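Student: I would like to go through this structure with you and ask how each label is earned.
Tutor: Go ahead; here it is.

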Amino acid sequence: MKVNRIRQNVFPMLAALIWGTAFVAQSVGADYVEPFTFNTARAAVAFLFLLVLCGVFRVLRKNDPGAKAGPASRRDLAAGGICCGVALTVAANLQQKGLETTTSGKAGFITALYIVIVPILGIFLKKKAPKTIWISVALAVAGLYCLCITEEFTITSGDFYILLCALSFSAHIMVIDYFTQKVDGVALSCVQFLVVAVLSAAGMLASESPSWAALRACAWPILYVGIFSSGVAYTLQILAQKDSNPTVVSLLLSLESVFATLSGAVILHDQMSGREYFGCVLMLAAVVLAQLPEPRKRKTGAAGQK
């Protein structure tokens, strides 16, 4: 149980840390290649990395008959990989489209609204969240607003794309919650990125003009984002969601905004305002509150009477 608790809490925080510190690499890549091209390259790198990882794990488990996947699990793996891959492809490209006409701060705030959307979707899927989780969600939204929104909040067409992106990321989290109970997490992530690479490549060939020279110019950012931000972080997300509350995981993943702000201050020497520090405190308070055990209901009736 203790190992599961560590996995459910540490893995999404590591994923958020990787995503939060990967903005520099993504920004550099965007200077050289267009969105579909960048997503195709990073997804291809992630797929190859995870394919090798799956091979290593298969060798390590070759003497364990129970670990071999049967036909049913292969069908679940294919279905899960396609569903997760489609949701992730839609989310990533909607986000990139929205960033053309909105600020990165607003995009980060609206994207992270999946921490509200996920528990709402959970209600329809009969996954109830306790009151402390809803309080945590409210604190996290307030913290994100303080961290991300530094200008007057107005609605643009790009904001609508980012809102659709948040819905897609919410769907991605819920789909993972369903399939991670059925298949191996690393294999699911591997198939997911194969789907992302294929779909992004179709968009690239249809609407962009990729060049090898441009890809070589940003090879290191692509490798970093492909291996760590995609291959490692999204796999950590999938492994974290096994047997855990998707709302709690989404809260931990939203720490990406905190890590992005802090890394900007440490690495790029950006100055943090008092409002941003307050936002970090609210986010951390939300995460701590979400980890507290639920108060036990008092027993009523004759059990307490003598």
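Tutor: Start with one contact: the backbone oxygen of Ile 238 lies 3.2 Å from a polar atom of the side chain of Thr 180. This is a predicted model, in which local features need pLDDT of at least 70 and side-chain atom pairs count only at pLDDT 80 or more, while totals for chains, interfaces and linings use all residues. Residues are numbered from 1 along each chain as its sequence is written, and side-chain values use heavy atoms, with hydrogens and water left out.

Student: What makes a pair of atoms a polar contact?
Tutor: The pair must be N or O atoms within 3.5 Å; within protein, one must be able to donate a hydrogen and the other to accept it, and residues adjacent in sequence count only if both atoms are side-chain atoms. The side chains of Asn 93 and Asn 39 are joined by such a contact, at 3.2 Å.

Student: Why is Thr 180 called buried or exposed?
Tutor: Buried means under 20% relative accessible area, exposed over 50%, and partly exposed in between, with a 1.4 Å probe and protein chains only. Thr 180 has 2%, so Thr 180 is buried. Thr 180 is in the loop between helix H8 (157-179) and helix H9 (185-207).

Student: How do you know which label Gln 181 gets?
Tutor: Gln 181 has a relative accessible area of 35%, so Gln 181 is partly exposed. Gln 181 is also in the loop between H8 and H9. Its C-alpha atom is separated by 9.9 Å from that of Leu 239, 58 residues apart along the chain.

Student: Where is Ala 22, and why is Ala 22 called buried or exposed?
Tutor: Ala 22 is in the loop between helix H1 (2-20) and helix H2 (23-30). Its relative accessible area is 0%, so Ala 22 is buried. From Ala 22 to Val 225 the distance is 6.6 Å, C-alpha to C-alpha, though they are 203 residues apart in sequence.

Student: What counts as a helix here?
Tutor: Helices (H or I, at least four residues) and strands (E, at least two) are DSSP runs, numbered from the N terminus. The protein has 14 helices and zero strands. Buried residues make up 46% of its 306 residues.

Student: How do you know that the length of helix H3 agrees with the expected span?
Tutor: The expected span is 1.5 Å times one less than the number of residues. Helix H3 (residues 35-60) has 26 residues and should span 38 Å; its end C-alpha atoms are 37 Å apart, so the two agree. Among the buried residues of H3 are Phe 38, Asn 39 and Arg 42.

Student: Where is Asn 93, and why is Asn 93 called buried or exposed?
Tutor: Asn 93 is in helix H4 (residues 71-98). At 14% relative accessibility, Asn 93 counts as buried.

Student: What makes a group of residues a nonpolar patch?
Tutor: Each residue has over 30% relative accessible area and no salt bridge, and nonpolar side chains (Val, Leu, Ile, Met, Phe, Trp, Tyr) are joined within 5 Å. A salt bridge is a side-chain nitrogen of Lys or Arg within 4 Å of a carboxyl oxygen of Asp or Glu. Ile 120, Ile 123, Phe 124, Leu 125 and Trp 134 form such a patch on the surface. Helix H6 (residues 114-124) gives the most to the patch, with three residues. Trp 134 is in helix H7 (residues 131-148), and at 32% relative accessibility Trp 134 counts as partly exposed.

Student: How many disulfides are there?
Tutor: A disulfide is a pair of cysteine sulfur atoms within 2.5 Å, and by this rule the count is zero. Cys 165, at 0% relative accessibility, counts as buried.

Conventions: Patch = residues over 30% accessible without salt bridge, like charges linked within 9 Å, V, L, I, M, F, W, Y side chains within 5 Å. Areas by Shrake-Rupley, 256 points an atom, 1.4 Å probe, with all protein chains shown as cover.
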